[in-house]
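Please load the model in a viewer and keep the sequence panel open beside it. The tour below proceeds by selection, and each stop states what is to be found there.

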Amino acid sequence: MNDVRPVQIRANKSERILGIEWSDGHSSRYPFELLRAGCPCASCRGGHENMRAEPDEEVFSVKLGDVPETRLRKIEAVGAYAVSVEWEDGHHYGIYNWHYLRALCPCEACRQK
Amino acid sequence: MLAGSVGLTAMLCFLCFGVFWLAVPSNPAETDNAAFIFTVIPAPTLTATPEGYLTPTPTQALVSADGIAVGAYVQIFGTEGQGLRLRSGPSTDFPPLFLGLEAEVFKVEDGPKLGNTYTWWYLVAPYDKTRSGWAASTYLSLVEAPTDVP
């Protein structure tokens, strides 16, 4: 799974969904709420001591709603290994690398692994 | 003879430059990112406003039943060591900014506001202004002002 990479990334601000087609054929659909709740930056994870390569399990049950914190302002590629996201509240510290994004996939198959 | 040599040299130079030009990508970053297709679909310009919390009217008391008020100092308690999330707004609808530690002391600088059945206060750590956010009063207890606040 370490070699799995996106072949297509599509951020749909109307549907509030980030869609990723992976090189192994898997499709992931991330609600913006989940992306924000799973922001991997040190501030959102409660300090550097809590930084891990995978998201915390609790982010899958957080309900944030349609608020500035979950409205995507900008998304950019970071080199060829990650994307960075800026939200409408100005938060822009999260860098979502491929490994983290794949671990954040909310589909039933991925959650049961 | 001399003209032939010059012509041959010029042709070799031209061929070498052409091969070099084809071998070097015009922009390495573009080459890296070309591994995937990146698309952003914009949203309609009309956006919703956050709901789910209320701002107290001037007639409401600004001191809660547990004595917490703007200017007071509070301590996080009752989280069984897990700490308390301080959020960007006065409701659990807002994302956590950081985890306040059990027994950590904060100064109350705004509130109260009502959201998700909790009363919320805006707290600022007296020693680090960057540690600030909204916290539910359920896990706060009133303490005396620290004597060594700068």
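## First stop: the largest pocket

Begin with the largest pocket, which has a volume of about 760 Å³. The model is a predicted one, and every value quoted on this tour is computed from it.

Select A:Glu58, B:Arg85, B:Arg87, B:Pro96 and B:Leu99; of the 33 residues that line the pocket, these lie nearest its centre. Next, colour the elements that each supply at least two lining residues: helix H1 (32-37) of chain A, and from chain B the strands E4 (84-87), E5 (96-100), E7 (118-125) and E8 (128-136). Which element gives the largest share of the lining? That is E5(B), with four residues. Colouring the lining of this pocket by residue class separates 18 nonpolar, nine polar and six charged residues.

## Second stop: chain A as a whole

Now display chain A alone. Chain A contains three helices and six strands, and along the sequence these follow the pattern β-β-β-α-β-β-β-α-α. Of the 113 residues in chain A, 47% count as buried.

## Third stop: a sheet with strands from both chains

Restore chain B and select E1, E2 and E3 of chain A together with E1 of chain B. These four strands form an open sheet in the order E3(A)-E2(A)-E1(A)-E1(B), with mixed pairing. At its edges are strand E3 (27-31) of chain A and strand E1 (37-41) of chain B, each of which pairs on one side only. On average, neighbouring strands of this sheet are turned by 10 degrees against each other, direction ignored.

Within this sheet, focus on strand E2 (residues 17-22) of chain A. Five bridges join E2(A) to E3(A), and the two run antiparallel. To see one opposed pair, select A:Ile20, which stands opposite A:Ser28 in E3(A).

Then step back to A:Arg16, in the loop between strand E1 (6-12) and E2 of chain A. A:Arg16 is not a glycine, yet has a positive phi of about 60 degrees. Is this residue buried or exposed? With a relative accessibility of 18%, A:Arg16 counts as buried.

## Fourth stop: a sheet within chain A

Select E4, E5 and E6 of chain A. These three strands form an open sheet in the order E4-E5-E6, and the pairing is antiparallel. Its edge strands are E4 (72-78) and E6 (95-97) of chain A, each pairing on one side only. Neighbouring strands here are turned by 25 degrees against each other on average, direction ignored.

Six bridges join E4(A) to strand E5 (residues 82-87) of chain A, in an antiparallel arrangement. A:Ile75 can be selected as a guide to the register: it stands opposite A:Val85 in E5(A).

## Fifth stop: cysteines without a disulfide

Show the side chains of A:Cys105, A:Cys107 and A:Cys110. How many disulfides are found over all chains? A search of the whole structure finds zero.

Distances account for the cysteines named here. The cut-off for a disulfide is a pair of cysteine sulfur atoms within 2.5 Å. For A:Cys105, the closest cysteine sulfur is that of A:Cys110, 3.7 Å away and therefore too far for a bond. The sulfur of A:Cys110, in turn, has its closest cysteine sulfur in A:Cys107, at 3.5 Å, which is also too far for a bond. A:Cys105 is buried, with a relative accessible area of 0%, and A:Cys110 counts as buried at 9% relative accessibility.

## Sixth stop: backbone details in chain B

Move to chain B and select B:Gly111 and B:Pro112. A cis peptide bond joins these two residues, with omega about -5 degrees. B:Pro112 belongs to strand E6 (residues 105-115) of chain B.

In the loop between E5 and E6 of chain B, select B:Ala103. B:Ala103 has a positive phi of about 80 degrees although it is not a glycine, and at 41% relative accessibility this alanine counts as partly exposed.

Finish at B:Ile76, in strand E3 (residues 73-76) of chain B. With 1% relative accessibility, B:Ile76 counts as buried. As a last selection, add B:Val143: it lies 67 residues from B:Ile76 along the chain, and the C-alpha atoms of the two are separated by 10.0 Å.

How values were computed: Residues numbered from 1 in each chain as written. Chains lettered and ligands numbered in written order. Predicted model: local features only at pLDDT ≥ 70, side-chain atom pairs only at ≥ 80, totals over all residues. Heavy atoms only, no water. 1 Å grid on protein atoms, 1.4 Å probe; cavity = no way out; pocket = protein on both sides within 12 Å on 5 of 7 lines; lining within 4 Å. Points joined across faces, edges and corners; volume = space filled by probe spheres on them. Nonpolar A, V, L, I, M, F, W, Y, C, P; charged D, E, K, R; others polar. Pairing = 2+ DSSP bridges. Axes fitted to C-alpha atoms, helices over the stretch in contact; angles between N-to-C directions. Buried < 20%, exposed > 50% of the residue type's maximum accessible area, 1.4 Å probe, protein only.
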